Amino acid sequence: MSEHRRKPPQSGGRAAARRGAQPPPSGRRAAPPSGSAASPHGGERPYGGRAEARRAAKRGGRRRATGAEGGAGGGRRGNGGAGGGYGGRGGGRGNGEPPRKKRFIDYPRSGKTGLRRWLPSWKQVLGSCIAFFGLLIAATGVALALVGKPDPNEMAEVQKNVYYWGNGERMLVAGGGDRNRQKVDYADIPKSMRNAVISAENDTFETDRGVDPMGIARAVVRMARGGDTQSGSTITQQYVKNYYLDSEQTLKRKVHELLVSIKVGATVDKKEIITGYLNTAYYGRSAYGIQAAAQAYYGKDCIDLDASESAFLSAVLNGPNLYDPAGGVNPGNLMTSPEKNLERAKKRWAWTLDREVEVKRMSAAERDKWLTKGFPMPQKPKPAMDMTGQKGYLKALADSYVTSHSNISEEQLKLGGYQIYTTFDQKKMDQLEKAVKKVSKEKIDPKKREVDKYVQFGGASIDPATGKILAIYGGTDATEHYTNNADNTGVPVGSTFKPFVLAAAMTDGVRDPSGPAQQDASMRTPVSAESIYDGDNKVKLRDYNGEVWLNEEDKEWHQVNDGDEDYGPITLREAMRLSVNTPFIQLGMDVGTDRVKKAALNAGMIEEQFASLAPSFALGTSTPSAIRLAAAYGTFAAEGEQNDPYSVTEVKQKGTTIFKPELKTEQGLDRNVANNVTDVLKTVVERGTGTSAQLPGGRPAAGKTGTTDGNRSAWFAGYTPELSTAIGMWRVDDQAKKQEFLKMYGVGGEQSIHGASFPARIWAEYMGTALEGKEVQQFPKPEPIGEKVYGKGASPSPTPTESPSPSETPSETPSETPSESPGIPSPPEESCGVFDPRCEETGGNEGGGNSTGDNSGGTSPDPSSTGGEPDSGGGGWFGGGTGRRE
């Protein structure tokens, strides 16, 4: 083609723009402007083609043109010239700004304006979700690795102790905090109960890993539709919440619960989990755990529950306040009325049975059987932890025996979980309590007489053949009067101690007046009940060798009798019948108070309850509890066989026996000695101071009255061949800061109180009902024992050289009126008695106290001087030490 027809190159256009963006070749100068281009007729073209421009862009990157380059290129969006090149790719902005760096996360989105700038792209949304779930999984993994199985919740470990009557029936639940719980093992939970709970609460329990997301979702859907509620938490979660965690309702605790549940679900056996859950769940009626629930609703152990009862109890788990047929805790709420609750309970019970069939844990035939039988109506609510009345005293007595005679400590007992089987007879307990109330209410009226205030009673009844404590009376109410009067009184027993003086005299005998103070059996003379002693009032007390006894201040002791009566020479049998003091205090001196103490120990009393061995020891300054006094008298009833009193036959833990008392019977007293003492004590009831204790139907009884100094206490202790009982009475304001025994003159409208009054009448009322319908048993006939001896001042020889003062002259004939008769005239002024500082002119004495009436001859009106305050005493059955006889 001719030269003149070829078009000259254009200075603008796309190709020029690309060429303008192309860097000069290596070692070559940059191309001159278009005006100085080489001749089109020869040489190399100053700018390459499009392909060359693209290669150059790849080699050098997408550089943004400067203002001058943009002018040369003239891109579409360039600001420097009029050309038509791609400024965005080759020349850039052309406004002198630096190039932008590409962001890792393009948000807000570049190149977008308005709302689109702030809306993330689908890639960003997907990436964010993946990152979130990845972080969540990683965090969960770290948390699971770090979280450990926490220690059990303290309250989940605490259990109650269950106490049983002597016949094996449940008596009460107590101890171990304020929750009624008794744990049971997996084997003791019936399969029907496990099936019902798993079906209703968490049918995937045996296969899930502690948390069931689908179960939670199902529960939400069912609740939204208004259907039957189904727990969203697994059984493992509920177990963790009850057993390991507290009840705090926070997000943090819920997350912790989920993590621990996964951990527990992966590491703990399913049997342990279901057992723990059923043992810690709350079932209403103050029952925690399946065992307590079974007792609360059906009065049986959980192992005896049938499938129908189990289905109901699984329903109660879903909300006790809504499903207990007895009604909710708020009686004014119509939504939880007994009628509404019963209706709900029946529906839930039936649904649970259907659910068991649905998840193949029960056959349809068995379901139909239970539906046909009908709803298993629970019993009416009963207070399982009822400590009112006498039950609180029974619990305290059993606890004391367990901790004193076993390796179970008090702290261990407080943790609970024990089954304690006692000796207590429920029928006799009721009979003794009714007897006290009946006799006392007949005359004692605190609203009518000021002196009738603060009157207290204590009593105990024991089986002589075994030592079992069958019944006690500890006070009006264990929740109001906290001291168990049957176990620990601190009250001197007075003349009820005299039988042990007689037993010592029959066993060891009186000492030879010419021998040393310590004599063996060869120098002693056992006595018979027909021995004669001086029964006059205020006779001089003499030592065994005949010398006048002097105290540390070299003063004589002149013992008084009740009413200052003189009886002259009197047999020991008559002195016991009329409760004359002077013969027995002298007999104690002749035998030796150490031997009297030995006889009482052999009969069953304990060292801690004895007073000092002053002469008044023979008249009852010691303070044995009603339990110990009844037990010691029981030795007489058992022909000398001594059995320590006990209140617990067995202690179990999780069904395993962990303690049984080591019982042994010893011949504490010689058989004939015991039978002779019984024969003497029979006369007390038949025609002596204890006639008010006579039993109906000609049933024989033996016993002794006792009244202490200043009419501050009164006792009657007695027995039949099959039952021994002791009853005490005194006045103490147990709410006063300084507690002291108060006089009982005028109580119940009677001028004075003796053992023959309220104590003996209560004894007879109780023993009559307790033995009603039983065969009448006779006491064994005693054989002759000992010799007839004459005490100081009672010798058949000529009158002693020391003539008695006129006030000490014996009466012509002994009074036939029992000295302890409640019909005694108005209370005499307190006579000069043992240890009475007012008697210094006639003879001092030691130990303090004042002896009037049938008394101990040396008890102090201030309880602290006899071993403590009235309610703490000088040591009760257990309070006096170990409770074991030394």
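In the predicted model, Gln-653 is placed opposite Thr-656 of strand β12. A further facing pair is formed by Lys-652 and Thr-657, the latter again in β12. Both pairs belong to the junction of β12 with strand β11 (residues 648-653), where the two strands run antiparallel and are joined by three bridges. The strands β11 and β12 constitute a hairpin in which two residues lie between them. Within the turn, Lys-654 adopts a positive phi of about 55°.

The hairpin strands are part of an open sheet of five strands, arranged in the order β2-β1-β5-β11-β12 with mixed pairing. The edge positions are taken by β2 (170-174) and β12 (656-659); each has a single partner strand, so one side of each is left without a neighbour in the sheet. From one strand to the next, the twist averages 30°. In general, strands of a sheet pair through backbone hydrogen bonds, in either a parallel or an antiparallel manner. The sheet is also covered by a helical element: helix α17 (residues 391-405) lies across β1 (161-164), β2, β5 (418-422), β11 and β12. Relative to β2, helix α17 runs at about 80°.

Two helix pairs were examined next. Packed helices are described by the angle between their axes together with the distance between the axes. For helix α20 (residues 498-507) and helix α25 (residues 671-687), the packing angle is about 140° and the axes are 10 Å apart. Because angles over 145 degrees are required for a roughly antiparallel assignment, α20 and α25 are classed as oblique to each other. Their crossing is right-handed. On the α20 side, the contact involves Pro-499, Leu-502, Ala-503, Met-506 and Thr-507, which meet Val-673, Asn-676, Val-677, Val-680 and Leu-681 in α25. By residue class, the contact of α20 with α25 comprises eight nonpolar and two polar residues, with no charged residue.

The second pair consists of helix α12 (residues 290-298) and helix α13 (residues 307-317), which pack at an angle of about 110° with axes 11 Å apart. Helix α12 is therefore roughly perpendicular to α13. Contributions to the contact come from Ile-290, Ala-294, Tyr-297 and Tyr-298 of α12, and from Glu-309, Phe-312, Leu-313 and Val-316 of α13. Seven of the residues in the contact of α12 with α13 are nonpolar, none is polar and one is charged.

Attention was also given to Tyr-533, a residue of strand β8 (residues 532-534). With a relative accessible area of 1%, Tyr-533 falls under the 20% limit and is therefore buried. The C-alpha atom of Tyr-533 is separated by 8.1 Å from that of Gln-586, although the two residues are 53 residues apart along the chain.

At the level of the whole protein chain, 26 helices and 16 strands are present. The chain has 886 residues, of which 51% count as buried. Among contacts between residues at least 6 apart in sequence, 70% join residues at least 24 apart.

Terms used: Residues numbered from 1 in each chain as written. Predicted model: local features only at pLDDT ≥ 70, side-chain atom pairs only at ≥ 80, totals over all residues. Heavy atoms only, no water. Helix = DSSP H or I, 4+ residues; strand = E, 2+ residues; numbered from the N terminus. Buried < 20%, exposed > 50% of the residue type's maximum accessible area, 1.4 Å probe, protein only. Pairing = 2+ DSSP bridges. Axes fitted to C-alpha atoms, helices over the stretch in contact; angles between N-to-C directions. Contact = heavy atoms within 4.5 Å. Parallel < 35°, antiparallel > 145°, perpendicular 65-115°, else oblique. Left-handed = near helix turned anticlockwise from the far one by under 90°. Nonpolar A, V, L, I, M, F, W, Y, C, P; charged D, E, K, R; others polar.
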